Amino acid sequence: AQPSAEPLAPGAAGTAVDTNDYSSWRLLTGHECGQVLLWHFIGVTRSVATPQLLQLLCVIGEPQPQYAVRGMAVFDDLAMLISVHANGELVTRPMPKYDNVPSSGGRSGGGFAAASVAHWEPGAACIKAHESPIVATSCLGELLVTATSTTVRLWTAERLKLEAQGDAVIFSGKDKADNTGS
């Protein structure tokens, strides 16, 4: 079942899980097969001991085991998602939103996509961050740090956005110098 387009109202036994802001995502997970999964909270909390349910909303990217996801960074201001892959690459994509992710029509044939799960492949740019495999990553504010066994690199969100735009990837977030959005 697909999530309702109407916001959930508080129930007698719990509180609403969702709001009118359906452009927010709920949970992103990166996997060894190289794909990112977007999960959505559904239902209402019945009690503190009974959490909301997670529903797989869509699968992002094609399965590529040599591209195992080692970490992710979300830059909300730029509407940008970065997945950090074991093969030394950073993949920049527009941030998935409730209104730009397909609601059905998945693919089969490997990875997580199945006929009942939507598959989303937005424009993406690959940036070769390291020649060696990435073993660790961290994100703080507008900085992304990637590391191999011998090198550490710092990436600013603006630099990643500029490199991705060179590959014609469009982001809907606001630029630092432009308060009107792009």
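Which pattern does the protein chain follow when read along the sequence? In this predicted model, the order is β-β-β-β-β-β-β-β-β-β-β-α. The protein chain thus presents 11 strands and one helix. Of its 182 residues, 38% count as buried. The exposed surface of the protein chain comes to about 9,500 Å², with 56% of it supplied by carbon and sulfur atoms. Among contacts between residues at least 6 apart in sequence, 53% join residues at least 24 apart.

A good place to look next is the interior. The largest nonpolar core holds 18 residues, and those that touch the most other members are F75, M80, I82, L90, L144, W155 and L160. At least two residues of this core come from each of β4 (69-75), β5 (80-85), β8 (125-128) and α1 (157-165). For W155, leaving aside neighbours within four places in sequence, the contacts are L90, I127, A129, E142, L143, L144, T146, L160 and E163. A second, separate core has 10 residues, including L28, V36, V69 and A118.

Another residue worth a visit is T92, found in strand β6 (residues 89-94). Is T92 buried or exposed? With a relative accessible area of 0%, T92 falls under the 20% cut-off and is therefore buried. Beyond its neighbours within four places in sequence, T92 is in contact with L81, I82, G123, A124, A125, I127, L160, A164, V169 and F171.

Methods. Residues numbered from 1 in each chain as written. Predicted model: local features only at pLDDT ≥ 70, side-chain atom pairs only at ≥ 80, totals over all residues. Heavy atoms only, no water. Helix = DSSP H or I, 4+ residues; strand = E, 2+ residues; numbered from the N terminus. Buried < 20%, exposed > 50% of the residue type's maximum accessible area, 1.4 Å probe, protein only. Contact = heavy atoms within 4.5 Å. Areas by Shrake-Rupley, 256 points an atom, 1.4 Å probe, with all protein chains shown as cover. Core = buried A, V, L, I, M, F, W, Y, C linked by side-chain atoms within 4.5 Å.
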